Amino acid sequence: MADTFIKIPNALLSGSSYLISSLRGKPEVKGMPLSISFELTNHCNLKCPECASGSDLMTRERGFMDLGLFKNVIHELGPYLYYINLYFQGEPMMHPGFFSFPALTKGIKTVVSTNGHFLGEGNPEKLIKSGLYKLIVSLDGMNQEVYSQYRQKGEFGKVIAGIRNVAAVRDKLHSSLKLEVQFLVNRYNENQIPEAKRFAKEVGARLKLKSMQVISGNDAVRWMPAKGKFRRYEEINGRNTIRNSMPDRCPRLWFNPVITWDGLVIPCCFDKDAEFVMGDLKKDSFRTIWNNARYKEFRKHVFSRRSSIGICRNCTSGMKSGIVS
């Protein structure tokens, strides 16, 4: 109850400062973020070709988040947060101490996104008993052949069994866990959407259809589905360009920062390779970083020339049809 008297005023302060900044065209941040994403690890067991981690295009060092660092951030930000995402790049359940993290986020809606290869051998029950709010499982095909077009080195049968395991334990324990099946729509799997819908209904999950992000040059042609409503890109003058008017503003800079496994604060989830480091939590508090000169300058840049920032040019914030469901 005590946190409520902090969360609500902070949400009003943060939200109003973003609204006023957007109207004036001059960024000013008040309050603390309402949600945050933690990268528990950037290691992954799969080799997805359009993922910075799986494709090996990521240049930053690989590693696992220190639990002590996580505790410090939760101690500082916990009273303000409504949501915590325990994922960014990599597969979070590969962290050797994975279950120690959700155990520290009581009272905050905690979300994990996984590729589904670690949902056996008692892990579904541990997930549910951890108090997890939502589990997102990536399932980008409805048979091994189609699934492995993108989820390379993945095992379709293992993922399907894992989702069923979670659903069964959830029902047995009468858990309120929200289960979401995520489907990156591409030209190989778009005809399997009806089958994916049936499966999601069968296991009591929400199906989330997502447009697919492409990071490898002009590879959009290889992946883009036939149906326009599922496309993130359009061809303009022979080049595939994101279907985004790119307004000079971004709510992520007020509400959704990301912390990498080694404690770097970056502006959002589109900064896959940590090109825009706002600060280091091993050296400064989050509040100090959140209000430092570097962050202020980056927000000003977004409000004046967002389209000139590399990570913004593949972003769906402000895009009317970037995500479909």
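**Exercise 1. The salt bridges around Asp-56**

Task: Determine which side chain meets Asp-56 in a salt bridge with an N to O distance of 3.5 Å, and establish which residues are linked with Asp-56 in a network.

Solution.
Step 1. In this predicted model, the side chain of Arg-62 meets that of Asp-56 in a salt bridge, at 3.5 Å from N to O.
Step 2. Asp-56 also forms a salt bridge with Lys-47, where the closest N and O atoms are 3.1 Å apart.
Step 3. Asp-56 takes part in both pairs, and Lys-47, Asp-56 and Arg-62 are accordingly linked in a network of salt bridges.
Step 4. The accessibility of each member is then classified. Arg-62 has a relative accessible area of 26% and is therefore partly exposed. Lys-47 is partly exposed as well, because its value is 33%. Asp-56, at 48%, also counts as partly exposed.
Step 5. For context, the count of salt bridges in the model comes to eleven.

**Exercise 2. Backbone angles with positive phi**

Task: For Asp-56 and Lys-153, state the value of phi, locate each residue, and classify its accessibility.

Solution.
Step 1. Phi of Asp-56 is near 65°, a positive value in a residue other than glycine.
Step 2. Asp-56 is located in the loop between β1 and α2, the latter comprising residues 67-77. With 48% relative accessibility it counts as partly exposed.
Step 3. Lys-153, likewise not a glycine, has a positive phi of about 75°.
Step 4. The loop that holds Lys-153 runs between α4 (144-150) and α5 (156-172). Because its relative accessible area is 62%, and exposed means over 50%, Lys-153 is exposed.

**Exercise 3. A salt bridge beside a loop**

Task: Identify the partner of Lys-282 in a salt bridge, and decide whether each of Lys-282 and Asp-280 is buried or exposed.

Solution.
Step 1. Lys-282 forms a salt bridge with Asp-280, and their closest N and O atoms lie 3.1 Å apart.
Step 2. The relative accessible area of Lys-282 is 54%, so this residue is exposed.
Step 3. Asp-280 has 15% relative accessibility; since buried means under 20%, Asp-280 counts as buried.
Step 4. Leu-281 lies in the loop between β11 (279-280) and α9 (286-290). Its relative accessible area of 14% makes Leu-281 buried.
Step 5. From Leu-281 to Thr-4 the separation is 277 residues in sequence and 26 Å in space, taken from C-alpha to C-alpha.

**Exercise 4. A nonpolar surface patch**

Task: Name the residues of the nonpolar patch on the surface and locate Leu-12 in the secondary structure.

Solution.
Step 1. The patch is formed by Ile-8, Leu-12, Tyr-82 and Tyr-83, which together have about 380 Å² of accessible area.
Step 2. Leu-12 belongs to helix α1, residues 4-24.
Step 3. Leu-12 counts as exposed because its relative accessibility is 60%.

**Exercise 5. The largest pocket**

Task: Describe the volume of the largest pocket, its lining, and the strands that contribute to that lining.

Solution.
Step 1. The largest pocket holds about 1400 Å³ of space.
Step 2. Its lining consists of 45 residues; Tyr-87, Ser-113, Gln-182, Lys-210 and Cys-269 are those nearest the centre.
Step 3. At least two lining residues come from each of β1 (35-38), β2 (83-85), β3 (109-114), β4 (134-138), β5 (178-185) and β6 (206-211). The largest share, four residues, is supplied by β6.
Step 4. By residue class, the lining divides into 19 nonpolar, 15 polar and eleven charged residues.

**Exercise 6. The enclosed space**

Task: State how many cavities of 30 Å³ or more are counted, and characterise the lining of the largest cavity.

Solution.
Step 1. Rolling a probe the size of a water molecule over the atoms shows where empty space remains.
Step 2. The count comes to one cavity of 30 Å³ or more, and the volume of the largest cavity is about 80 Å³.
Step 3. The residues that line the largest cavity are Cys-250, Leu-253, Pro-267, Cys-268, Phe-270, Phe-298, Val-302, Arg-306, Ile-311, Cys-312 and Cys-315.
Step 4. This lining divides into ten nonpolar residues, no polar residues and one charged residue. Arg-306 is among the lining residues, and Arg counts as charged.

Definitions and conventions. Residues are numbered from 1 along each chain as its sequence is written. This is a predicted model: local features need pLDDT of at least 70, side-chain atom pairs count only at pLDDT 80 or more; totals for chains, interfaces and linings use all residues. Side-chain values use heavy atoms; hydrogens and water are left out. On a 1 Å grid over the protein atoms alone, a cavity is a set of points where a 1.4 Å probe fits but cannot get out, and a pocket is an open set with protein on both sides within 12 Å along at least five of seven lines; lining residues have an atom within 4 Å of a point. Grid points are joined across faces, edges and corners, and a volume is the space filled by probe spheres set on the points. Patches are made of residues with over 30% relative accessible area and no salt bridge: like charges are joined within 9 Å, nonpolar side chains (Val, Leu, Ile, Met, Phe, Trp, Tyr) within 5 Å. Accessible areas come from the Shrake-Rupley method with a 1.4 Å probe; for residues, only the protein chains shown count as cover. A salt bridge is a side-chain nitrogen of Lys or Arg within 4 Å of a carboxyl oxygen of Asp or Glu. Buried means under 20% relative accessible area, exposed over 50%, partly exposed in between (1.4 Å probe, protein chains only).
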